Amino acid sequence: WSQLLPAITSNRRKRHTTMPPPGQPPAPSQQPAGPVSVGLSYEKQTWEIMVEPSKGMANLMLHIYLVTGVFPARQKLMSKGQTLYPDTALEKFGLQTRDKIMVVQIPPGQEMEPVHHISPHPVDRTRSKIVCLDELTMALETAVNLVKDPEMIAKIHKLCMMSEDSGTKLLLKVDEIQGDDNVRAARKALVKHLNGVCDRLDKLKQVTLPGAGG
């Protein structure tokens, strides 16, 4: 984050007028070991941001939220002709310097969800959602320790509130999962995991309150 955040303000108004040909395959080069500079576009605005693929999708989506104000769950991200889902393995995706990421804000109620489940069973689908929320919470925890700008702290606070609310709604969905003893045991584990994530989000919400002093 110490490398990523300065790019948000210094490159906020940088404009790009050229785009690669539609459907052009990525260059057959080795995945960079560290951060890469990519173009970000949203509603006719463009930025140049630093992305660390090894940090995963949650870190990227949080970074994009701080730049554009679009909540992670409502970000439809497209790059190199493919959609980046919340559980896309970003390190294996192959982002390269000068690649482009396009952001589309999707309507409420149509939030982006993980797609790479172990199985289509409700337990596994729900587990994927909890893991993504956990990863976003970890990204928020890192950001809180590094971000000093009051405007960004306010954005983080708002996202913590939204994420905690999403976690609460997800708990209700977990309670609806029915099945045998194995399913009930798995459901209990999901509840424990999700409660822990919500507790961490609540703490983040408190430390990012205006006047909380970090």
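I looked first at the loop between strand 3 (75-79) and strand 4 (82-84), where I found Lys80; I take strands as DSSP runs of E of at least two residues and helices as runs of H or I of at least four, numbered from the N terminus. The phi of Lys80 is near 55 degrees, a positive value in a residue other than glycine. At 22% relative accessibility I noted Lys80 as partly exposed, the class between buried (under 20% relative accessible area) and exposed (over 50%), with a 1.4 Å probe and protein chains only.

I should record that this is a predicted model, in which local features need pLDDT of at least 70, side-chain atom pairs count only at pLDDT 80 or more, and totals for chains, interfaces and linings use all residues. Residues are numbered from 1 along each chain as its sequence is written, and side-chain values use heavy atoms, leaving out hydrogens and water.

I then turned to Lys44, in the loop between strand 1 (36-42) and strand 2 (45-51). Lys44 is not a glycine, yet its phi is positive, about 70 degrees, and with a relative accessible area of 76% Lys44 is exposed.

Next I checked helix 5 (residues 150-175), whose 26 residues should span 38 Å at 1.5 Å a residue, and I found its end C-alpha atoms 38 Å apart, which agrees; the expected span is 1.5 Å times one less than the number of residues.

Last, I looked up how helix 5 packs with helix 6 (residues 181-207), and noted an angle of about 160 degrees. The two helices are therefore roughly antiparallel, a term for angles over 145 degrees.

How values were computed: Axes fitted to C-alpha atoms, helices over the stretch in contact; angles between N-to-C directions. Parallel < 35°, antiparallel > 145°, perpendicular 65-115°, else oblique.
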